[in-house]
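Q: I am new to this structure and would like a short tour. Could we go through it step by step?

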Amino acid sequence: MNVPLLDLSHQHQPIHDDIANAISQVVDSNAFVLGEEVSKLEEQIADYCEVDFAIGVSSGTDALLISLMAIGVGPGDEVITTPYTFFATAGCIARLGAKPVFVDIDPVTYNIDPEKIEDKITPKTKAILPVHLYGQCADSADILNTAKKHNLYVVEDAAQAIGSQYRDGRKAGNLGDLGCFSFFPTKNLGCFGDGGMVVTNHPEMNERVRVLRVHGSKPKYYHQLIGGNFRLDSIQAAVLNVKFPCLEDWNRQRQENAHRYETLFNECGLIKAQKVQLPQAAYSGLEVPNYHTYNQFVIRVSDRDALRGFLLENGIGTEIYYPFPLHLQKCFHYLGHKAGDFPEAEIAAKSTLALPIFPGLKPEQQEYIVQQINLFLAG
Ligand SMILES: Cc1ncc(COP(=O)(O)O)c(C=O)c1O
């Protein structure tokens, strides 16, 4: 049996004609950048995330970059974030001449450990940039309290978390000052190329992001700020407008698949034997769980690399998010970190493995995956 890590055809096939029509209408309109489709998407995402404003941008990376620009991050500033994330999170901080200041992760959720943030705050700290990794909100109550106490901005990297909810019921993106989404094809709501969205409740941030999106120009050709080309294409927005009504159902299917994995792993005894650790959708001790949307279903295992090789040989696609934490990356050597500085992130990088979780994944495919993992780990 072959099971890829991600198969988008289950999502696209039923709406293929609607997508083709929507693209064709954009082609006929001869209007390819921003425009009606982008405005429509912005309205839908703002409603969905229960925020006042949404601004379509060119990618999740650019959503982060423009948000940091909007709050005025620049040389001499420090921004606190996690070393266990996609590169863009810290890359955007450094691209603006600011310093990424890393804080280790919680080993259960893989998100930034809020208890370790306060120690890293200095007079130069401008913002906290938590990531809602794999589709589960970071422990935001403590992060927001710390930010308030020290008068810091909070910019959420919600690239992997559209539709996720923090345990208080608020949606990802609606927790901090600005929220950043990615519509990269592998995301729970993905376009046919690159795209992103910034959401905010602050009218002045909405205005700044809109102006920065078009090189800081308002009115046209009169530049108040130095921005960039961060515009979202009409074709990408048209695709997303067709896909958006399916998002809740797709997220629900991901949750059902996660639940099925839990049952299967429990049945074969790998959890009890502590050979596999499953994602935890709640912080320990809390009654109300986070609403996890499982952009990735990431397990923790010993002998991860050998298991991954075995699964590949047996037709099962997996991925490692992420094999090398950011504080040890060559481009960040100038920050002066060494192995051992953020032990939880380093252990996670060596022991985590993402399994197929996509909507349309069949129960028999999940049974096969768990059976193969059991074969390898129990042997
Ligand atoms: C946590 C995180 N941040 C930022 C990004 C960047 O988004 P994009 O690829 O749309 O630029 C991604 C995308 O993979 C991500 O996973």
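Q: By class, how many residues of each kind does the shell around the ligand have?
A: The shell has six nonpolar, seven polar and two charged residues. Here Ala, Val, Leu, Ile, Met, Phe, Trp, Tyr, Cys and Pro count as nonpolar, Asp, Glu, Lys and Arg as charged, and the others, Gly among them, as polar.

Q: What kind of model is this, and how are the residues numbered?
A: It is a predicted model, in which local features need pLDDT of at least 70 and side-chain atom pairs count only at pLDDT 80 or more, while totals for chains, interfaces and linings use all residues. Residues are numbered from 1 along each chain as its sequence is written, and side-chain values use heavy atoms, with hydrogens and water left out.

Q: Which residues are closest to the ligand?
A: The closest are G60, T61, D157, S182 and K187, out of 15 residues that surround the ligand. A residue is near if one of its heavy atoms lies within 4 Å of the molecule.

Q: Which helix gives the most to that shell?
A: That is α4, with three residues. Both α4 (60-70) and α5 (88-95) supply at least two residues each. Helices (H or I, at least four residues) and strands (E, at least two) are DSSP runs, numbered from the N terminus.

Q: Where do polar contacts with the ligand occur?
A: A backbone N or O atom of G60 lies 2.8 Å from a ligand oxygen. For a side-chain N or O atom of S182, the distance to an oxygen of the ligand is 2.7 Å, and for one of K187 it is 2.7 Å. A polar contact is a pair of N or O atoms within 3.5 Å.

Q: Changing topic, how many aromatic pairs are there?
A: The count comes to 14. Rings of Phe, Tyr and Trp (its six-membered ring) pair if their centres lie within 6.5 Å; planes under 30 degrees apart count as stacked, over 60 as edge-to-face and the rest as tilted. Y84 and Y322 form an edge-to-face pair, 6.4 Å centre to centre with 80 degrees between the planes.

Q: Why does that pair tie together parts far apart in sequence, 238 residues?
A: Y84 lies in the loop between β2 (78-81) and α5, and Y322 in the loop between α10 (304-313) and α11 (343-351), so the pair links parts 238 residues apart in sequence.

Q: Which residues does a cis peptide bond join?
A: One joins Y321 and Y322, with omega about 15 degrees. Another joins K218 and P219, with omega about -10 degrees.

Note on methods:
Polar contact = N/O pair within 3.5 Å; in protein donor to acceptor, adjacent residues only side chain to side chain.
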